[in-house]
Number of protein chains: 2
Amino acid sequence: MAKINRIIKTVEDVEAAFYDAIGRGDIDALMALWAEDDEIVCIHPGSGRLLGHAAIRTSWEEIFQSGGVRIHPVKLHAIQNLMMSIHNVIEEIISPHGQPDDIHVIASNVYLNTPKGWRMLAHHASVAPGKAPPEPLPSLLH
Amino acid sequence: MAKINRIIKTVEDVEAAFYDAIGRGDIDALMALWAEDDEIVCIHPGSGRLLGHAAIRTSWEEIFQSGGVRIHPVKLHAIQNLMMSIHNVIEEIISPHGQPDDIHVIASNVYLNTPKGWRMLAHHASVAPGKAPPEPLPSLLH
């Protein structure tokens, strides 16, 4: 398993590094962001459940055979305490032409605060029909 | 919003109550199991993201119009600390004839330890192709 020595101080940093590694198709960088134990869980859109480093690594290697996948996580909905954080995001998939694809993917990302900083514990992604709804206009009522 | 006064002492209790309420199509019992704040998230299989009590309640009311849905959560994969717990399960959907349907649904259920006991914070369900894989045989190697 790939290791990284630097402490990842915030959930935002590990999430940014996660989508950056997917965009570059960098399997070692990606796998280094997961918690070290084999409790980790990954569910790709329309796929079954993968448990543990070996199965999860193999699945991303297959995805990366055709290169990285550019994803912008948007519309973050975060729930956090000192030890664990759940980020629910809409994954905006960017086509090779630089435009958002008309696909609507939702991801629940669970992060754990480990002695080495924040790491990914679970990634559950699924597809919803149609395009992702537009960002709501800011409300004037508070 | 429906309230329950009893303290739910364990994650297992709130998860059992969640699937029991779905099986009976009991909207008030179901909604009382969620955390009280509007941070709650629900994603039904093949559907978009719902945030907050009102939207989540409406979605379950629509599902329950044709009655409850009997679901056995199996193959629990749990990650827990004192304040939060993530249960990843395979949802075995039971047909009206009492047999498991040939549908393979995976759910990530996030629970929060609140002053009133454990409550549901997020439910993310998605469909995978084919039947759910059989329970693995116990390994002889330890």
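# Notebook: two chains and where they meet

**Entry 1, the contact between chains.** I began where the two chains meet: 26 residues of chain A are in contact with 26 residues of chain B. I note here that this is a predicted model. On the chain A side, I looked up which elements give two or more residues to the contact, and found strands S1 (41-43), S2 (49-51), S3 (70-80), S4 (84-94), S5 (104-114) and S6 (117-128). Which of them gives the most? S6(A) does, with five residues. I then sorted the residues on this side of chain A by character: 14 are nonpolar, 10 are polar and two are charged.

**Entry 2, how the copies are related.** Next I asked what rotation superposes chain A on chain B. The rotation is 180°, with 0.0 Å of shift along its axis, and the RMSD is 0.0 Å. That is the relation of a two-fold axis. I looked for the C-alpha of chain A nearest the axis and arrived at A:Ser126, 3.0 Å from it. Both copies use the same surface, as 100% of the contact residues of chain A recur in chain B.

**Entry 3, the sheet of chain A.** Now for a walk across chain A. I found an open sheet of six strands in the order S2-S1-S6-S5-S4-S3, with mixed pairing. Its edge strands are S2 and S3 of chain A, each of which pairs on one side only. From one strand to the next, the twist averages 25°.

I then took the pairs of strands in turn. S1(A) and S6(A) run parallel and are joined by three bridges. Here I picked out A:Val41, whose bridge partner in S6(A) is A:Ala122. S3(A) and S4(A), on the other hand, run antiparallel, with nine bridges between them. These two strands form a hairpin, and three residues lie between them. I also checked what stands opposite A:His72, and it is A:Glu92 in S4(A).

A reminder to myself for reading along any regular strand: side chains there alternate between the two faces of the sheet.

**Entry 4, helices on the chain A sheet.** Which strands does helix H3 of chain A lie across? H3 (residues 53-64) lies across S1 and S2 of chain A, and runs at about 125° to S2(A).

**Entry 5, the sheet of chain B.** I repeated the walk in chain B. Six strands make an open sheet there, ordered S2-S1-S6-S5-S4-S3, and the pairing is mixed. Strand S2 (49-51) and strand S3 (70-80) of chain B are the edge strands, each pairing on one side only. The twist averages 25° from one strand to the next.

In this chain I looked at how S5 meets S6. Strand S5 (residues 104-114) and strand S6 (residues 117-128) of chain B run antiparallel, and 11 bridges join them. One residue I followed across was B:Asn113, whose bridge partner in S6(B) is B:Trp118.

Two helices of chain B went into my notes as well. Helix H3 (residues 53-64) packs on the sheet, where it touches strand S1 (41-43) and S2 of chain B, and its direction makes about 125° with that of S2(B). Helix H1 (residues 11-24) of chain B lies across S3, S4 (84-94), S5 and S6, running at about 155° to S3(B).

**Entry 6, the nonpolar core.** Which residues touch the most other members of the largest nonpolar core? This core has 73 residues, and the answer is A:Tyr111, A:Leu121, B:Tyr111 and B:Leu121. I followed up B:Tyr111 and set aside its neighbours within four places in sequence. That left contacts with B:Val11, B:Val14, B:Met84, B:Ser85, B:Trp118, B:Arg119, B:Met120 and B:Leu121.

**Entry 7, a lysine with positive phi.** Last, I looked up a backbone angle that caught my eye. A:Lys75 is a residue other than glycine, yet its phi is positive, near 50°. A:Lys75 sits in strand S3 of chain A. Is A:Lys75 buried or partly exposed? It is partly exposed, because 17 other C-beta atoms lie within 10 Å, while a buried residue needs 20 or more.

I checked the other copy too. B:Lys75 is not a glycine either, and has a positive phi of about 55°. B:Lys75 lies in strand S3 of chain B. With 17 C-beta neighbours inside 10 Å, B:Lys75 also counts as partly exposed.

How values were computed. Residues are numbered from 1 along each chain as its sequence is written. Chains are lettered from A and ligands numbered from 1 in the order in which they are written. This is a predicted model: local features need pLDDT of at least 70, side-chain atom pairs count only at pLDDT 80 or more; totals for chains, interfaces and linings use all residues. Two residues are in contact if their C-beta atoms, placed from the backbone, lie within 7 Å. Ala, Val, Leu, Ile, Met, Phe, Trp, Tyr, Cys and Pro count as nonpolar, Asp, Glu, Lys and Arg as charged, and the others, Gly among them, as polar. Two strands pair if DSSP finds at least two bridges between them. A nonpolar core is a set of buried Ala, Val, Leu, Ile, Met, Phe, Trp, Tyr and Cys residues joined through C-beta atoms within 7 Å. A residue is buried if 20 or more other C-beta atoms lie within 10 Å of its own, exposed if 12 or fewer, and partly exposed in between; C-beta atoms are placed from the backbone. Copies are superposed by least squares on the C-alpha atoms of residues with pLDDT of at least 70 in both. Axes are lines fitted to C-alpha atoms, for helices over the stretch in contact, and angles run from 0 to 180 degrees between N-to-C directions.
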